[in-house]
Amino acid sequence: IDLENYQKEDAFSESDIRMLQTVASSMGVALENARLFDETQRLLKETEARNAELAVINSIQDGMAAEFNFQAIIDLVGDKLREVLRTSSIGIRWYDANANLIRYLYEYEHGVRLNVPPNPPTPGGPWETMVSTRRPMVANTPAEIAALGLSMIPGTDPSLAMVQVPILAGDRVIGKIDLEDYERENAFGDAEVRFLTTVAASMGIALENARLLEATQRNARESTALSEVGRDLSSSLDLATVMDRI
């Protein structure tokens, strides 16, 4: 507490000082109590938010555990994220290593689902950076978006903030979740990044399991087809009959 007098010297007596000390002492106790109360409230809100976040993550994990179809898992996660995050603009993309293409398996802008053709990642661009670092990329202003080299899909609107989180399968980046905000800058903080990272980690496991299951089923179908063709070839000597069966 600071008191000044511009009209006279010797303006403050011992009684003035004693009164201010008493007020300051009481004020210190009150302010510390208020600070501790605010901190308690903040921690309580963080705990509630974290519990809600974990509940959403658990529901997503339960849904993925019940699905064994690659696209169905992506649709389930995308729909849930749009609902929970109240966003109308989200993308879930998968990297096709054999074709060196980014495939846009789930893409929404302003609440409208887009059909985006696959395209190869830009050499030395953001995708290669994410693959090497395996870390999220956060750009909360148009300047930061430009600095990271995050380009817009042709025909879509420029966003004011963007976050991209890798989907990992072991130590490989197999895809990413892309979230954009067209209304405000600084839309994505630590909480959003942490939440998306946790979802992406669970998603990576589920997608890899679905991919392996689909590959196993495809191999089984091919083996069955080859076996049936072999039986057909050996069951008849008539060329026309064999060709019809194949």
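Reader: How many salt bridges does a search of the whole structure find?

Author: In this predicted model, a search of the whole structure finds 8 salt bridges.

Reader: Why is the pair R35 and E32 called a salt bridge?

Author: The term asks for a side-chain nitrogen of Lys or Arg within 4 Å of a carboxyl oxygen of Asp or Glu. The N to O distance between the side chains of R35 and E32 is 2.8 Å, and because the cut-off is 4 Å, the pair qualifies. Both residues belong to helix α1, which covers residues 14–65, and they stand 3 residues apart, about one turn of the helix.

Reader: What makes R35 and E32 count as buried, partly exposed or exposed?

Author: Buried means under 20% relative accessible area and exposed means over 50%, with partly exposed in between. R35 has a relative accessible area of 43% and E32 has 36%, so each of them is partly exposed.

Reader: What separates R42 and E39 in helix α1, and how do you know that they form a salt bridge?

Author: The closest N and O atoms of R42 and E39 are 2.5 Å apart, and because a salt bridge needs such atoms within 4 Å, the pair is counted as one. R42 and E39 are 3 residues apart in helix α1, which means that about one helical turn separates them. With relative accessibilities of 37% for R42 and 31% for E39, these two residues also count as partly exposed.

Reader: Which parts does the salt bridge between R93 and E107 tie together?

Author: The side chains of R93 and E107 meet at 2.6 Å, N to O. R93 lies in strand β1 (residues 90–96) and E107 in strand β2, so the pair ties together parts that are 14 residues apart in sequence. Both R93 and E107 are buried, which means that each has under 20% relative accessible area. A network of salt bridges links R93 and E107 with D178.

Reader: Where else does R93 appear, and what is the volume of the second largest pocket?

Author: The second largest pocket has a volume of about 370 Å³. Of the 20 residues that line this pocket, R93 is one of the closest to its centre, together with Y104, N119, S151 and K176. The elements that each supply at least two lining residues are β2 (101–109), α3 (126–133), β5 (161–169) and β6 (172–181), and the largest share, 3 residues, comes from β6. By type, the lining divides into 11 nonpolar, 5 polar and 4 charged residues.

Reader: What makes the link between T224 and A220 a polar contact?

Author: A polar atom of the T224 side chain lies 2.9 Å from the backbone oxygen of A220, and because the cut-off for a polar contact is 3.5 Å, that distance falls within it. T224 is found in helix α5 (residues 190–235), and its relative accessible area of 43% makes it partly exposed.

Reader: How do you know whether the protein has the radius of gyration of a compact globule?

Author: A compact globule of 246 residues would have a radius of gyration near 18 Å, whereas the protein has 30 Å, so the protein does not match the globule rule. The C-alpha trace spans about 125 × 35 × 30 Å along its principal axes, and buried residues make up 32% of the 246 residues.

Reader: Which elements make up the protein, and in what order do they run?

Author: The protein has 6 helices and 6 strands, and from the N terminus on they run α-α-β-β-β-α-β-α-β-β-α-α.

Methods:
Residues numbered from 1 in each chain as written. Predicted model: local features only at pLDDT ≥ 70, side-chain atom pairs only at ≥ 80, totals over all residues. Heavy atoms only, no water. 1 Å grid on protein atoms, 1.4 Å probe; cavity = no way out; pocket = protein on both sides within 12 Å on 5 of 7 lines; lining within 4 Å. Points joined across faces, edges and corners; volume = space filled by probe spheres on them. Helix = DSSP H or I, 4+ residues; strand = E, 2+ residues; numbered from the N terminus. Nonpolar A, V, L, I, M, F, W, Y, C, P; charged D, E, K, R; others polar. Buried < 20%, exposed > 50% of the residue type's maximum accessible area, 1.4 Å probe, protein only. Polar contact = N/O pair within 3.5 Å; in protein donor to acceptor, adjacent residues only side chain to side chain. Rg over C-alpha atoms; globule rule 2.2 N^0.38 Å.
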